Structures are given as structure tokens and as C-alpha cells.
Amino acid sequence: MEQEMTDEYSEKANTGLALLSIVISLFAATLTTVIVLPGLGSVQQGSDLHEILNSAIAGVASAGALTTFMVWAGCVYLYCSGIKAFVLRSVYERCIFAVVAILLSATVCFTGTWASLDGENAGYPWYSNGMYPFGRPAFTGFFIVRLLAVASLLLMVWALIVAMIERCGGSGAELFQFSGKLRGSKVLAVADWLKRYVTPLRLNVRRVATYTALVTVCWLPILYINGPVIVNIDTVLQLIQGRGSRIWDPMTMQWLDGYALQDHHPVLDTLIYVAFDRFGLLMGHEIVGLQVLVLLQAMVTAFAVVLSLAWVFSRVKVPGLVQMCCVVFVIVVPTFSTVSTIIVKDSTWAPLFLLWAITFAEFIYRKQSEMPVSWKLVALLIVLAVFAGLTKKTSIYISTGATFLVLMFMSGRLKTLVATLVPAGICVVLIPGLLFPAFRIAPGGPQEPLAMPIQQVTKVLIDHQDELSQEDLQVISKVINVNKAKENWNPVSADFAKHYGYKPSATKADRSAFEKLWVILAFRYPGSYVDSISYVRNPFVLGETYYQTGPVKCGWEGSGTNNVEVLPGFESCTFSAQQNRLGRPFVNVMNRIPPFSLLGAEVLYVVWVPLLALALVIVRKRWKSLLYFSPVLMQLLVQFMVPSYQNRYTLGLLFTVFLTMSIPFLNPERAEKSISR
């Protein structure tokens, strides 16, 4: 009798909780739809709460009744399913989930400082530019509600994803087992055919080569629509100087007589680009050599991405269907493919950096699994770090910092110490100190590391020059021309103040005193410092995408005493026929239709994937796996050193996305057992 009463009470309690969950879901879904669907660009114009709500409702209505109902129904489903998954978590896990959801919501709700929202890679043109009017209490309240509404929705999605992963034992395998449900169906027949004839990707030469060829062939249409080539403005300068023009510093615009090349842009990149350019000239068509370069760059990119997938599949138990989805993602979502069509140092560097990141992950994996770490692996790590560092200067800071963290927190330090010091010694000391003078290569200008200090100090001069002492002004004036720096200061880039304001006559002692004053002023005028580099937040908010296109060439026409001109048959900063007819419309569409608008978003790879992977590691308490995040951490720190915003600066995070996603599922203990067998 008591048991029956207990069961009846339990059933009523469950029914009551279910009804409460439904009521909460209906209310939350309605609020989320009204708050989230309209863009803040129109809402921020309201002067009071009444106008803001009217604008929000008008924004919802403009989407149409069917669209809003579908959005509302989807929110209801997510809330109903997610609430149950969320309440079953421990308090510790709920706190982590909530923090992650708020951070992700902030990347959606805040805006960046964009130079223009009309470009082909502006994924969300309805976003406002700059900061919102937080001085208005009504708008601030609306923004906070919006932030929490987006966070609650993301919280439900995140709770459901984690629940599904854990229900499948951490690998996700059972999510894709349909055989029992689809027995005898055509879907199962197709699946069986794919299983029989599609060779799984494994970490061996033959299969990696096969998939590399497959991906490259599938990318050929992207190479065509972005063709014949896209030569970045920096690359145009490298080609001009590499082909025998009189050398000059592109920042200070001073002649560098007596030098054969300059390292303002990495010399190795210059040598590669000039070699292919000369090959084209030798063939009678300059553009042919550059097209061969683009094709080889695409092949190397495909190889590096396929190899990263093969490494992940060899270290994590990944279902066959998930493996296939990853390969399809690489082929169909035009992030890697469009990036590989641009001739610029970042596109050349990214696959080399990915190869280093794979080797770095294998290095940690072997050490944690107590597997032998050979000197061959260490040598490969060094070689890849050097080549990556010679194609992009900041890369050596990333690789050296990441290996230094391994040196600090793992045993067996001799090989790690060698992998840390040797690449830095070669790239920073040996090559600039010995090879540059021998081959008459001018080093990069001393003003380059001062880009951010000049930007921030100039902002202080604009806002508070009357408050500075004569001694401070004298220190500043020895390094920059105050009037020129102030006149050309631009909030979206530090290059303008650096380019027009820096004095080439500044000595090393002058620059050292300037840097010391820069540190001191940071404590006196933190607001001006933050305002001066607002572009730094751009990669961390939802906005631009990695889908790339551009003109055939742009910039530096007729520069140099020899009037060297790159691709004279093409007008500067103009698009080719296929770029105008196919490339630009294609990228424009990709930026504006789901799911590509989100799958190509820069913030997905810079914030979302690393943050979610980190949260899973913390939830599962796999603290040793935190070392795998070392390259991610170093890349994020480098973002606070860049002189301006360009999404090519974060390509390393895009290329290492599969490695980052695998971190929570790496299990060195299991690897040790399998090896012992």
C-alpha cells in the first residue's frame, strides 16, 4: 500500500515537473524569439524602453509569421529537452556550463570595429559597427536581457550535446548506429555500399595521399572561381623587390641602398613567390607560374588538413560516419579552400604551422602515454617550427611558447628543451645575425614591434596631451612626430600612426625610453589604451568569415627605380571576369545563408571551438590534456600584438580546429594499453 502511494506521489511529482518545464520553455522561447531575432542595429536607435520594444517587435514581424513560428518552435524544443539535461548535472558542471554559455553569448551580442560592413566577407551586415549606446539605461537593460536570453539558449544546446556524448561513452559512436532502425531500408543499403567501397582515412601514406588528392580535386572549382590568381598587396611588394627593384622600407618609405632584399615580409616567402613568378616569365606567361603556385599551395593545404584528420582518427575512436562528415566538411565548407587561393604569407604559413601542430600534439601524446619519443620526432618538430617561423615571424613565438609550457609541466626535459631553444635560436639569432648580412638582406624596421605602443601613446596624446610633462613629451617626440601621428591616427589600425608618425632617426636608447614610458602611461590612462585598440576584439565577436576572394592584384604599381610591374595585363585592384561573375557572388551567398554563415565565421574557430573543448576537459577533469591547448593559448596572446585586424591573422586557429576538437577525447592511458598489446 505504501509502495503504491509512493509511486503515485512520484508520478504526480514528475508530471508536475514536466508541466513546469513546459511552461518555462514556452515563456523562455517566446522571450528569446522577441529579444534575439531583431538586430541590435535598429533597436539601438530607440531613445526609451517603449521605442526599443516597438523596434524589437517590428524586427520580429519583418521576418514573417512562418519564420518566427519555426524559430519559436525550435526554441521550445531546445528548452524542453535542455532543461532536463541541465538539471541532472552536478552543481560544479552547471556552473561551468553557465560560464561557457555567457561567454559564447557575449561573442554574439557584442560587436566589433569593422572598417566596412559592405565587403564580401561580412557575414552579418545587420550588425552595428563600433560600440552600442550603453549610456542609455533602456538600451543597456535590453542588451542585458538579450545577452542572458542567448546564453540560456546556448546553455540548453550545450547541455544536450554533453549529455549525448556521455550517453555514448565519450566517443559519440552510438549516435550514428542506425542499423537496427533502418534494417532493409535504402538508407542502410547506401550506408553499406559506402562502408564497402569508401576507404576509411587512416594514418598511413597511401590513404593520406588518396584523400589529399580527393580533397584537392574537389577544391578545383574554388580555385577557378577565385582565379586566375589573387595576389595580396604585401605579396605584390615582395615580387617587385624580389625581381631586382631598388629596395626600400615600405613603412618608412626610405631607400635601403646596398641591400638585395628586405625582411619586412619574411624572406623565405619572397623567395618562394619570386621563384614561381620567374618560372611564369620564363614560360612566357607570368600568371602561369603564379597559378602553379596556387595549385601547389592548395595541395599542401589539403595534405596538412587531411593529415590532421588522420592523426585525430588514429588517436581517438571516431565512428566511420563522423569521419566521413569531417572530410565532407573540409570539401564543402569553403574555408580552407578559399584561403589557399590567396598568395600571401599567411596562406603559405598556415599548412606548415598545422604540420608543426600535429607533430607537437604527437610529441605530448607520446610523453603522456609513456611511449618512446625519438630524436627523429624532435628533429621533425624543430624543422617544422623553423620553416613555419621563416614564413611568418609571429609563428616562432607561438611554437617556442607552446614547447616552453611543455618544458615547465612535463618530465623528460632534455628533448623538450632542445625543441624549445633550437628553432628560436635559428630564426631569431642565427639567420638574422649571419645569413642576412652575408646575402645583403635588410632586417625588418625597428618600428614594427612598436606598432601598438605608438597607437596607444598617440591616443593618449589626442586625449590628454596637456596633462603630460615636458619630459614625457620629449621622450615621445624622439620616436614619433607628434603632429603627424595624431593627424593620421586611425582606430581600426595601428599602421597609420606608425607609418606616418615614426621617426627613422630614433636610436635604440630612444625606443627603449619610449617603451618604458608606454608602460607607465598604461596605468595613468587605461581607458585611452583600451579605446585605441578596439579592433583587437574583432576576432572574438561574431562578424567576419574565412571565406575569401579578392582582385587579381592590388597596390605598389610602378614602385622601385626599375618600374617593375607585376602582371601588367591586369589593372590594379580590379576583379577578373570569373571573380566578378562567380567568386564574389559565391562568397557573398556563403556569408548569408545557413549553415555556412556560421560554419565559416571566424569566432567559431577563435572562441567557440577552443572554449567548448576546454569546458569539456574541465568537466571530465582531464587536467593533463590542458597542455594540448598550448598552441591555442599562444595564438590568442599573439592577437593582442597585431597592428590591425585582418582575419588572416587567426588562420592558425582555423587550421588546427580538428586537433582542438579532439583534445577532450584524447586518452593516453588507453593508448598505453593498446600499445602494450
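## Close-up views of a predicted model

**View 1. Helix α8 packs against helix α12 in this predicted model.** Helix α8 covers residues 205-225, and helix α12 covers residues 320-332. Their axes lie 9 Å apart, at an angle of about 35 degrees. The crossing of α8 past α12 is right-handed. On the α8 side, the contact is made by Y211, L214, V215, C218 and W219. On the α12 side, V327, V330 and I331 take part. By class, the contact of α8 with α12 has eight nonpolar residues. No polar and no charged residues belong to this contact.

**View 2. Helix α11 meets helix α14 in a left-handed crossing.** Helix α11 runs through residues 286-315, and helix α14 through residues 345-368. The two pack at an angle of about 20 degrees, and their axes are 9 Å apart. An angle under 35 degrees counts as roughly parallel, so α11 and α14 are roughly parallel to each other. From α11 come Q297, V300, T301, F303, A304, V305, L307, S308, W311 and R315. They meet S347, T348, P351, L354, L355, I358, A361, E362 and Y365 in α14. By class, this contact of α11 with α14 has twelve nonpolar, five polar and two charged residues.

**View 3. Helix α6 crosses helix α26 at roughly 55 degrees.** Helix α6 takes in residues 137-167, and helix α26 takes in residues 602-619. Their axes come within 12 Å. The crossing angle therefore makes α6 oblique to α26. The crossing of α6 and α26 is right-handed. L154, W158, V162 and I165 of α6 make the contact with W608, L612, A615 and L616 of α26. Sorted by class, the contact of α6 with α26 has eight nonpolar, no polar and no charged residues.

**View 4. The largest cavity has a volume of about 120 Å³.** A search of the whole structure finds six cavities of 30 Å³ or more. The largest cavity is lined by 13 residues. Closest to its centre are A357, A361, Y628, P631 and L659. Three helices each supply at least two residues of the lining of the largest cavity: α14, α27 (630-638) and α29 (657-662). A361 of α14 also appears in the contact with α11. The lining of the largest cavity divides into ten nonpolar and three polar residues, with no charged ones.

**View 5. The second largest cavity holds about 60 Å³ of space.** L237, Q238, Q241, L261, Q262, H264, H265 and T270 line the second largest cavity. The elements that give two or more residues to this lining are α9 (233-242) and β2 (261-262). The largest share of the lining, three residues, comes from α9. By class, the lining of the second largest cavity has two nonpolar, six polar and no charged residues.

**View 6. The peptide bond from G227 to P228 is cis.** Omega for this bond is near 5 degrees. P228 sits in the loop between α8 and β1 (230-231). Helix α8 is the helix that packs with α12.

**View 7. A second close-up of a peptide bond shows P594 to P595 in the cis form.** Here omega is near -5 degrees. P595 has its place in the loop between α24 (577-590) and α25 (596-599).

**View 8. L567 has a positive phi in a residue other than glycine.** The value of phi for L567 is near 50 degrees. L567 is found in the loop between α23 (526-532) and α24. Helix α24 also borders the loop that holds P595.

Definitions and conventions: Residues are numbered from 1 along each chain as its sequence is written. This is a predicted model: local features need pLDDT of at least 70, side-chain atom pairs count only at pLDDT 80 or more; totals for chains, interfaces and linings use all residues. Side-chain values use heavy atoms; hydrogens and water are left out. Axes are lines fitted to C-alpha atoms, for helices over the stretch in contact, and angles run from 0 to 180 degrees between N-to-C directions. Helices (H or I, at least four residues) and strands (E, at least two) are DSSP runs, numbered from the N terminus. A crossing is left-handed if the near helix is turned anticlockwise from the far one by less than a right angle, and right-handed if clockwise. Contact means heavy atoms within 4.5 Å. Ala, Val, Leu, Ile, Met, Phe, Trp, Tyr, Cys and Pro count as nonpolar, Asp, Glu, Lys and Arg as charged, and the others, Gly among them, as polar. Angles under 35 degrees count as roughly parallel, over 145 as roughly antiparallel, 65 to 115 as roughly perpendicular and the rest as oblique. On a 1 Å grid over the protein atoms alone, a cavity is a set of points where a 1.4 Å probe fits but cannot get out, and a pocket is an open set with protein on both sides within 12 Å along at least five of seven lines; lining residues have an atom within 4 Å of a point. Grid points are joined across faces, edges and corners, and a volume is the space filled by probe spheres set on the points.
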